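Ready for a few exercises? Have a look at the molecule below, try each task yourself, and then read through the solution.

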Amino acid sequence: MKADDLHSLNAESRRLAEWYLLLGELSQCLWFTRDLSDMLNGFCRILTEKAAYLSAEIELEPGDKTAIYRASRAQANATPSVQHLTLPLGSGSAPLAHLRVTAAFDLSAGQEAHGILERFARELGEAIRALSTPHEHPDLQDITQSKLQLREAEQALLLREQALVSSSNGIMITRSDDRDHSIVYVNPAFERITGYSAAEVIGREGRFLVRDDLAQPDLEEIRAALREKRQGEALLRNYRKDGTQFWNELHIAPVKDASGMATTHFVSVINDVSDRINYQKELEYQATHDSLTGLANRNLLNDRITQAIAWAKRQDLTVGVMLLDLDHFKLINDASGHGAGDEMLKQVAQRLSACMRETDTVARLGGDEFVIVLTDLPETGDVDLIAEKVLKALARPFDISGHDVFVTASIGISLYPRDGDHGEILLRYADIAMYRVKEHGRNSVRQFIPEMGVTAISRMNMEGAMRRGLERGEFKLHYQPKIDLASERIVGAEALVRWQHPQIGLIHPIEFIPLAEESGLILPLGEWVLAEACRQQVAWKAQGLGVLRMSINMSSRQFRQEDLAERVASVFEQTGADPTYVTLELTESMVMQDVSSTLLALRALKSLGLTISLDDFGTGYSSLSYLRRFPIDELKIDKSFINDIHDNADDAAIAGAIVAMAISLGLSVVAEGVERKEQVDLLLAMGCAQVQGYYFGRPVEASGFATRFLKNQARGS
């Protein structure tokens with residue numbers, strides 16, 4: 001490197017280059033000089049001529065004035081400052097026991113020679129120590145070996161610098177003082193990545209790359225690493241000089257001093273991973289969004305519905321699910337081609353999104369079906385207003401390839417919590433309501449009602465579908481906890497049947513139980529429910545979760561079987577369940593149909609050791625005299641009396657009377673449909689023993705029930 005080239009380098013690089021030039025001059029002196037005295041005199045001359053020192057001297061032995069080698073040059077108006085460095089080179093009487101290097105330089109000229117002097121002293125000391133022998137003058141072989149070592153050290157330094165300059169990653173070196181983390185060096189890759197030149201960043205602290213974007217979790221890891229003087233890494237949003245953002249995969253590492261104890265600097269490696277992060281984001285976006293319209297797809301839709309229901313439950317709000325299907329969309333594809341159809345779908349997506357708030361979700365299920373999730377609805381009627389707004393937005397003509405095209409839509413609506421508490425159920429019911437719109441002329445809106453579900457299922461050949469479902473194991477049991485109010489501990493569970501149809505999805509009992517009763521399939525289904533619940537009770541006991549009282553609903557047709565007691569006893573024998581921990585729930589209207597036969601059946605069941613519960617109490621027409629005659633152990637207050645007991649005096653009075661009557665008859669009382677803390681407090685004050693409802697837990701599958709309720713309770717006991 002020529003001296004003229006130094007002007008193009010930044011300050012740090014210039015100082016490093018000057019050191020390399022100086023080291024090269026010293027190497028030549030060492031290489032071509034055999035006599036030690038000539039070599040040391042040459043060193044002093046190079047310091048004053050090449051390194052701009054005013055004077056330099058080398059003293060081999062402290063106090064030995066005959067062994068001092070010096071050189072100096074004239075400098076007008078100079079105020080020299082002398083730096084002394086003493087390096088031990090040996091011990092005992094070795095002639096080079098110490099090397100003392102003294103240099104003077106001009107402070108008024110802004111010289112910064114201390115760093116070069118230190119490096120010179122260290123390298124020179126190593127060279128002379130290698131040259132020294134027990135004799136006063138080294139031989140040629142020793143001098144040659146020392147020259148080779150010095151050249152290797154010089155080459156190592158050059159390679160390290162070249163590695164920094166050539167690195168594709170940005171390199172930044174900062175000080176490690178607690179109050180000063182300023183930048184002392186950056187390589188060309190740093191300049192290329194950030195857009196800042198070295199002159200613009202030297203002396204600044206590296207955090208300027210973050211700007212005001214301080215809400216980044218990984219920043220704390222970097223701060224902690226700097227405080228604790230250790231390695232650290234983070235993925236940060238950084239900003240270039242022109243303001244554009246880039247993702248920086250930052251790695252920092254401490255640099256120790258010669259003792260290995262104190263941290264003097266930090267080396268930061270800056271890796272621009274923007275392409276990788278953007279690619280990952282694109283993959284995530286494609287996994288959750290429809291490629292044609294950019295709307296949420298089914299995966300993201302399910303997640304949004306789940307979040308909306310969770311929020312609505314906490315805030316006591318309503319969630320609306322609207323399923324929209326374009327009317328006669330196939331005609332557009334057939335008449336104008338799929339390109340026109342795709343353009344229509346994109347414009348429909350834009351209009352739907354314009355009708356919604358930021359908190360709502362618009363999704364495309366596929367084809368010409370769209371779903372809208374409406375959150376934070378104070379009133380159920382609000383969803384109808386939004387649906388009308390959607391129909392009005394779609395009524396305007398669409399410009400497709402320069403032609404006005406008109407399209408209408410059929411919309412079905414379901415609501416949480418009225419129609420269900422799960423996204424799959426709400427989508428199913430909205431779909432049923434939408435098909436009812438199509439059956440009655442299209443281009444309209446309907447909300448789901450239970451009668452729609454029964455009609456839809458009956459069209460599927462209900463009997464055949466249920467038979468196949470029983471054979472294929474499509475029916476599942478969900479369990480809802482029964483809570484002892486005094487201790488708020490789980491004392492039992494009610495088994496509730498669900499149908500997981502392979503095409504339709506999850507079907508609620510309100511859709512299939514009435515037709516199952518009519519077809520007689522309720523008998524094999526009811527027997528399966530009893531056996532499955534008993535098997536689950538035994539399984540929980542085997543898992544160490546205790547013996548839980550299992551409540552099982554029995555249908556009217558099942559209850560009227562002449563051999564009912566024998567069938568129930570057979571289930572107990574096959575499953576190993578304990579009948580004293582099984583409760584059969586019968587409705588009030590069921591037991592009052594034929595009092596004499598009911599009495600015989602109840603006594604036969606009681607002889608097995610199980611418990612009888614009268615479900616939906618208060619909705620039938622039983623009398624106190626029959627209640628006293630029947631071997632009933634428990635009354636379940638219908639949820640219609642519980643819904644408003646916290647703000648309806650009449651309902652509270654009815655519930656209180658039922659509780660008082662049951663206690664007087666020596667019966668246990670269970671209130672179902674409990675969803676609020678105020679209801680819990682009132683029932684506890686009335687003396688109600690047990691409750692169940694969404695306030696304590698929703699029905700869940702067996703595995704979820706064990707994890708969420710039984711295991712938690714076991715750990716807490």
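**Exercise 1. Find which strands helix H7 lies across, then place them in their sheet.**

Step 1. Start with the helix: H7 (residues 219–228) lies across E7, strand E8 (245–256) and strand E9 (263–272), and runs at about 125° to E7. Contact here means heavy atoms within 4.5 Å. Helices (H or I, at least four residues) and strands (E, at least two) are DSSP runs, numbered from the N terminus. Axes are lines fitted to C-alpha atoms, for helices over the stretch in contact, and angles run from 0 to 180 degrees between N-to-C directions.

Step 2. Now add helix H8 (residues 274–288), which packs on the sheet and touches E7, E8 and E9, its direction making about 130° with that of E8.

Step 3. Read off the sheet: it is open, has 5 strands in the order E6-E5-E9-E8-E7, and its pairing is antiparallel. Strand E6 (183–186) and strand E7 (232–239) are the edge strands, each pairing on one side only. From one strand to the next, the twist averages 25°. Two strands pair if DSSP finds at least two bridges between them.

A note before moving on: this is a predicted model, in which local features need pLDDT of at least 70 and side-chain atom pairs count only at pLDDT 80 or more, while totals for chains, interfaces and linings use all residues. Residues are numbered from 1 along each chain as its sequence is written, and side-chain values use heavy atoms, with hydrogens and water left out.

**Exercise 2. Work out whether threonine 174 is buried or exposed, and what it touches.**

Step 1. Locate the residue: threonine 174 is in strand E5 (residues 170–175).

Step 2. Check the accessibility. Buried means under 20% relative accessible area, exposed over 50%, and partly exposed in between (1.4 Å probe, protein chains only). Threonine 174 has 5% relative accessibility, so it counts as buried.

Step 3. List the contacts. Setting aside neighbours within four places in sequence, threonine 174 is in contact with His181, Ser182, Ile183, Val184, Thr264, His265 and Phe266.

Step 4. Look across to E6: threonine 174 stands opposite isoleucine 183 there, and E5 and E6 pair in the antiparallel sense over 3 bridges.

**Exercise 3. Trace the sheet that contains strand E15, and find the helices on it.**

Step 1. Write down the order: 5 strands form an open sheet, E11-E12-E10-E15-E16, with mixed pairing. Its edge strands are E11 (361–366) and E16 (445–447), and each pairs on one side only. Direction ignored, neighbouring strands of this sheet are turned by 20° against each other on average.

Step 2. Zoom in on one pair. E15 (residues 409–416) and E16 pair in the parallel sense over 3 bridges, and the bridge partner of isoleucine 413 is glutamine 447 in E16.

Step 3. Add the helices. H12 (residues 382–395) packs on the sheet, touching E10, E12, E15 and E16, and its direction makes about 160° with that of E15. H11 (residues 338–355) lies across strand E10 (318–326), E11 and strand E12 (369–377), at about 5° to E12.

**Exercise 4. Describe how helices H15 and H16 pack.**

Step 1. Recall what's needed: two packed helices are described by the angle between their axes and the distance between the axes.

Step 2. Fill in the values: H15 (residues 462–472) and H16 (residues 509–519) pack at an angle of about 100°, with their axes 10 Å apart.

Step 3. Classify the angle. Angles under 35 degrees count as roughly parallel, over 145 as roughly antiparallel, 65 to 115 as roughly perpendicular and the rest as oblique. H15 and H16 are therefore roughly perpendicular to each other.

Step 4. Name the residues: Met462, Glu463 and Met466 of H15 meet Glu511, Phe512, Leu515, Ala516 and Ser519 of H16.

**Exercise 5. Find what lies on either side of strand E23.**

Step 1. Check both faces: in E23 (residues 634–637), Glu634 and Lys636 on one side and Leu635 and Ile637 on the other are all buried.

Step 2. Identify one partner: strand E22 (residues 611–617) runs parallel to E23, joined by 3 bridges, and leucine 614 stands opposite leucine 635.

Step 3. Identify another: E23 and strand E24 (residues 668–672) pair in the parallel sense over 4 bridges, with isoleucine 637 opposite alanine 671.
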